[in-house]
Amino acid sequence: MRILGIESSSLVASVAVVTDGVVTAEYTVNFKKTHSQTLLPMLDEIVRMVELDLETVDAIAVSGGPGSFTGLRIGSATGKGLGLALKKPLIHIPTVDGMAYGMYGYGGLVCPIMDARRNQVYTGIYDNREGFTAVREQCAMDIDDLVDELNNMETRVVFLGDGVPVYRERIAERMTVPFSFAPAHVNRQRAAAVAALGCIYYEEGRIETAEEHAPDYLRKPQAEREREAGTAPHNFL
């Protein structure tokens, strides 16, 4: 089985190929460039370096949200374009699931947090000790409510994601159970985790066509929320 993984839900741009349970290639950049500048050149480099025939890919796993609206749209468009051109199915990987799967085998709860601003995070709670289980499926919630919920579970927790630098001090102040922050090599999104989890979902038949695939933003864009609330700036031109 060969799965191509695409991750573009945050500042991280990442492309990977997992073949029969082995990461054949991964190209990850965490830098301020638009994903439209990075994803396809990264894929081209992987294809060249490992002499990959994209026709041999069984499916394309795409980090499907939540995350950056622009990043998700670019990743989705890239995956859909490849799926249509190659006539391959897509696998929708919830972003937070993919992040948590990268900590597979951790002896406690895994809690990815992505900064959603206004004291909110995109998050989920996962138990990877025996298999991969979502204790709380991905959602948007208040960081203080999340910490309270974790404390009530009375189990060791590891945090990861771009929400950690934003809320690190608050987490440290409020946590009453043992906790830690994931090290650098596993503390952000990675396409290898998206592709690896995609292998499992593929075997379970959790696939979709390129036409069916769409990002899951979890909440509306800020401009749309402001417009509905009547707080968007008026354009008098």
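**Close-up 1. The second largest pocket and the residues around it.** In this predicted model, the lining of the second largest pocket is made up of S10, L11, K32, K33, T34, H35, S68, T70 and G71. The pocket has a volume of about 150 Å³. Sort the lining by class and you get six polar residues, two charged ones and one nonpolar.

**Close-up 2. The largest cavity and its lining.** Now for the enclosed space: searching the whole structure turns up one cavity of 30 Å³ or more. The largest cavity comes in at about 40 Å³. Around it sit I6, V15, L39, L40, L43, T78 and L82. The class tally here is six nonpolar residues, one polar and no charged.

**Close-up 3. Where the helices meet the largest cavity.** Two helices are worth picking out in this view: helix 1 (35-49) and helix 2 (69-86) each give at least two residues to the lining of the largest cavity. Helix 1 has the largest share, with three residues.

**Close-up 4. An open sheet of five strands.** Reading across the sheet, the strand order is 8-7-6-9-10, and the pairing is mixed. Strand 8 (133-142) and strand 10 (179-181) are the edge strands, each with a pairing on one side only. From one strand to the next, the twist averages 20°.

**Close-up 5. Strand 7 alongside strand 8.** Zooming in on one edge of the sheet, strand 7 (residues 120-127) and strand 8 run antiparallel, joined by seven bridges. For a handy landmark, look for D127, which stands opposite T133 in strand 8.

**Close-up 6. Helix 4 across the strands.** Helix 4 (residues 143-153) lies across four strands: strand 6 (109-117), strand 7, strand 8 and strand 9 (157-160). Compare its direction with that of strand 8 and you'll find an angle of about 150°. Helix 5 (residues 163-174) packs on the sheet too. The strands that helix 5 touches are strand 6, strand 7, strand 9 and strand 10. Its direction makes about 115° with that of strand 6.

Methods:
Residues numbered from 1 in each chain as written. Predicted model: local features only at pLDDT ≥ 70, side-chain atom pairs only at ≥ 80, totals over all residues. Heavy atoms only, no water. Pairing = 2+ DSSP bridges. Axes fitted to C-alpha atoms, helices over the stretch in contact; angles between N-to-C directions. Contact = heavy atoms within 4.5 Å. 1 Å grid on protein atoms, 1.4 Å probe; cavity = no way out; pocket = protein on both sides within 12 Å on 5 of 7 lines; lining within 4 Å. Points joined across faces, edges and corners; volume = space filled by probe spheres on them. Nonpolar A, V, L, I, M, F, W, Y, C, P; charged D, E, K, R; others polar.
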